[in-house]
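Me: I would like a close look at one part of this model, please: any closed-off space inside, and whatever packs around it. A connected walk-through would suit me better than a list.

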Amino acid sequence: MKSKILSYYRLLRGTNLIFIMLIMYIIRYFLIVPWMRVCNDFPFFSDSLFHLLVIATVFIAAAGYVINDYFDQVIDGINKSSKQIVGVKISARVANLLFWILSIAGSVIGIFVSFKIGHVNLGSIFIVASFMVYYYSLKYKRLLLWGNIVVAFLSALVVLLPWLFEFFALLSKPEDFITHISCLAIIRKVTFLFVGFSFVTTLVREWVKDLEDRVGDEFGGKKTLPVRFGVKKTKLVTNAAIVLFILGLAIAQWQLIVYNYQYVAYYSMITVSLPLIYMMAKLIRAQTPDDYHFISSILKIVMFFGILTLVISYIIIFKFQY
């Protein structure tokens, strides 16, 4: 029984789902809610609906993990045979059924939440996301760059959703919209900064994972960067993207210092910029799948500490300045 539960936890990427929930709760309670209060406002998107939004998002993400393993049974047998779940510990039929249950449940909950704020059309996000994770696993991940972009987009969407639903909840009250929109403008700028952060770090991590899985991907007919252009060129592209990203971070950090938020800037330098520089050095020397897996783990830690910047900012700005 314990072994079965662990298998489902691994299939659903339980740790990743917890991370998704953490991101959404940090965005809401360490960015949206505090700034709304500074503007003497209150969130127009209720806590109960927000909790349902998180559940819908987690269900769609979990469905994506399941269908990915379902279609990757042969490739996983080569890249990570000792860790393969679908077809070994959980049958392909059960995995396929689980995907549809999670996708439908996530979409229904998302449509319900959208309906409750008066914008049922927002529910299409969850339906489209369900199709995206399905076709990503079936087709897109086998196309050059498309699979990486889809994953990066969905990762960025997780960061965007709390602000997006807050915005449309306010839009449903036109009598309040003009009065309160200026406060949401501040939240929007910070949110989109982290949307970009999530997109770029996920994209880079996808390239590193492609390096790790190159042998199995080549056997499975995937046209990833390492398969199409080779390891050396993929490393070059990946490190070039990291350099540009670090430069963008440096500009943001400088702006924080200028506006007297130097401690937030120093935090991001230590927990984000420096690990990225270290990662670049490791990537140059990386040779084995274990090397690339270690680098991928560094990126996951960077993403975690990057999101925690909002918590640090909240403590510094709202606990010491307000």
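Reply: Happy to help! A cavity here is a set of grid points where a 1.4 Å probe fits but cannot get out. Please keep in mind that the model is predicted. With a cut-off of 30 Å³ or more, the structure holds one cavity. About 40 Å³ of space lies in this largest cavity.

Let's go round its wall. The lining consists of Phe19, Ile23, Val159, Phe197, Ser198, Thr201, Met303 and Ile307. By class, six of the lining residues are nonpolar and two are polar, with no charged ones. At least two residues of the lining come from each of H2, H8 and H13. The largest share belongs to H8, which gives three residues.

From the wall we can follow one helix outwards. Ile23 of H2, a lining residue of the cavity, also takes part in the packing of H2 against H7, and so does Val159 on the H7 side. The axes of H2 and helix H7 (residues 146-171) come within 8 Å, crossing at roughly 40°. Angles under 35 degrees would count as roughly parallel, so H2 and H7 are oblique to each other. Their crossing is right-handed. On the H2 side the contact is made by Ile20, Ile23, Met24, Ile27, Arg28, Ile32 and Met36, which meet Val158, Val159, Leu161, Pro162, Trp163 and Glu166 in H7. This contact has 11 nonpolar residues, no polar ones and two charged ones.

The helices that line the cavity also turn up in an open space. The second largest pocket has a volume of about 790 Å³. It is lined by 28 residues, and the closest to its centre are Val190, Leu193, Phe194, Leu256 and Ser313. Helix H2 (14-38), helix H8 (174-212) and helix H13 (289-320) are among the helices that each supply at least two residues of the pocket's lining, and helix H11 (231-258) and helix H12 (262-285) do likewise. As for chemistry, the pocket's lining has 19 nonpolar, eight polar and one charged residues.

To pull this together for your own modelling: H2, H8 and H13 each supply at least two residues to the lining of the cavity, and each also supplies at least two to the lining of the second largest pocket. H2 packs obliquely against H7 as well, with Ile23 and Val159 among the residues in that contact.

Methods: Residues numbered from 1 in each chain as written. Predicted model: local features only at pLDDT ≥ 70, side-chain atom pairs only at ≥ 80, totals over all residues. Heavy atoms only, no water. 1 Å grid on protein atoms, 1.4 Å probe; cavity = no way out; pocket = protein on both sides within 12 Å on 5 of 7 lines; lining within 4 Å. Points joined across faces, edges and corners; volume = space filled by probe spheres on them. Helix = DSSP H or I, 4+ residues; strand = E, 2+ residues; numbered from the N terminus. Nonpolar A, V, L, I, M, F, W, Y, C, P; charged D, E, K, R; others polar. Axes fitted to C-alpha atoms, helices over the stretch in contact; angles between N-to-C directions. Parallel < 35°, antiparallel > 145°, perpendicular 65-115°, else oblique. Left-handed = near helix turned anticlockwise from the far one by under 90°. Contact = heavy atoms within 4.5 Å.
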